[in-house]
Amino acid sequence: RAIVEEALQHILPTCLVCLKTVHPEDATFMYSCGHRAICETCKDSMDPSWKTQCMMCRQTGVHIMQQF
């Protein structure tokens with residue numbers, strides 16, 4: 001399992017907050033500017049100001065949506 005986890009880290013997105021690999025079965029969220037952002041756990045606990053400003057490009061007026 002550890003070898004698979006290491007290989008998946010290069011393919012799967014990483015949460016910008018907790019830096020954990022986000023697996024396909026987990027919910028992931030992205031900003032409306034297109035940047036993949038965070039896992040569901042971090043989305044629920046993040047500061048409200050980051051819900052309207054992208055953590056990557058700092059664009060304001062964005063919103064978070066679930067990525068499928």
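Guide: Before we start on this predicted model, one term: a cavity here is a set of grid points where a 1.4 Å probe fits but cannot get out.

Visitor: Okay, how many cavities of 30 Å³ or more does the count come to?

Guide: The count comes to one cavity of 30 Å³ or more, and the volume of the largest cavity is about 50 Å³.

Visitor: Which residues line the largest cavity?

Guide: Its lining is made up of Pro13, Thr14, Cys15, Val22, Thr28, Phe29, Arg36, Ala37, Ile38, Cys39 and Gln67, and by character these residues divide into seven nonpolar, three polar and one charged.

Visitor: And which strand gives the most to that lining?

Guide: Strands β1 and β2 each supply at least two of the lining residues, but β2 gives the most, with four residues.

Visitor: Let me pick one of them, Thr28. Where does Thr28 lie, and is Thr28 buried or exposed?

Guide: Thr28 lies in strand β1, and Thr28 counts as buried because its relative accessible area is 12%, which is under the 20% cut-off.

Visitor: What is Thr28 in contact with, leaving aside its neighbours within four places in sequence?

Guide: With those neighbours set aside, Thr28 is in contact with Val22, Ile38, Met65, Gln66 and Gln67; of these partners, Val22, Ile38 and Gln67 also appear in the lining of the largest cavity.

Visitor: Switching to the core, which residues touch the most other members of the largest nonpolar core?

Guide: That core has 13 residues, and those touching the most other members are Cys15, Tyr31, Ile38, Cys39, Cys42, Met46 and Met55. Both β1, spanning 28-31, and β2, spanning 36-39, supply at least two residues each to this core, with β2 giving the most, namely three residues.

Visitor: What does Met55 touch, not counting residues up to four places away?

Guide: Apart from those, Met55 touches Leu16, Val17, Tyr31, Ile38, Met46 and Trp50.

Visitor: I saw cysteines in that list, so how many disulfides does the count come to?

Guide: The count comes to zero disulfides. Cys39 is in no disulfide, and its nearest cysteine sulfur, that of Cys42, is 3.6 Å away.

Visitor: Why is there no bond for Cys42?

Guide: The sulfur of Cys42 is too far for a bond, because the closest cysteine sulfur, in Cys39, is 3.6 Å from it, whereas a disulfide needs the two sulfur atoms within 2.5 Å.

Visitor: Are Cys39 and Cys42 buried or exposed?

Guide: Cys39 counts as buried, at 14% relative accessibility, and Cys42 is buried as well, with a relative accessible area of 9%.

Note on methods. Residues numbered from 1 in each chain as written. Predicted model: local features only at pLDDT ≥ 70, side-chain atom pairs only at ≥ 80, totals over all residues. Heavy atoms only, no water. Core = buried A, V, L, I, M, F, W, Y, C linked by side-chain atoms within 4.5 Å. Buried < 20%, exposed > 50% of the residue type's maximum accessible area, 1.4 Å probe, protein only. Contact = heavy atoms within 4.5 Å. 1 Å grid on protein atoms, 1.4 Å probe; cavity = no way out; pocket = protein on both sides within 12 Å on 5 of 7 lines; lining within 4 Å. Points joined across faces, edges and corners; volume = space filled by probe spheres on them. Nonpolar A, V, L, I, M, F, W, Y, C, P; charged D, E, K, R; others polar.
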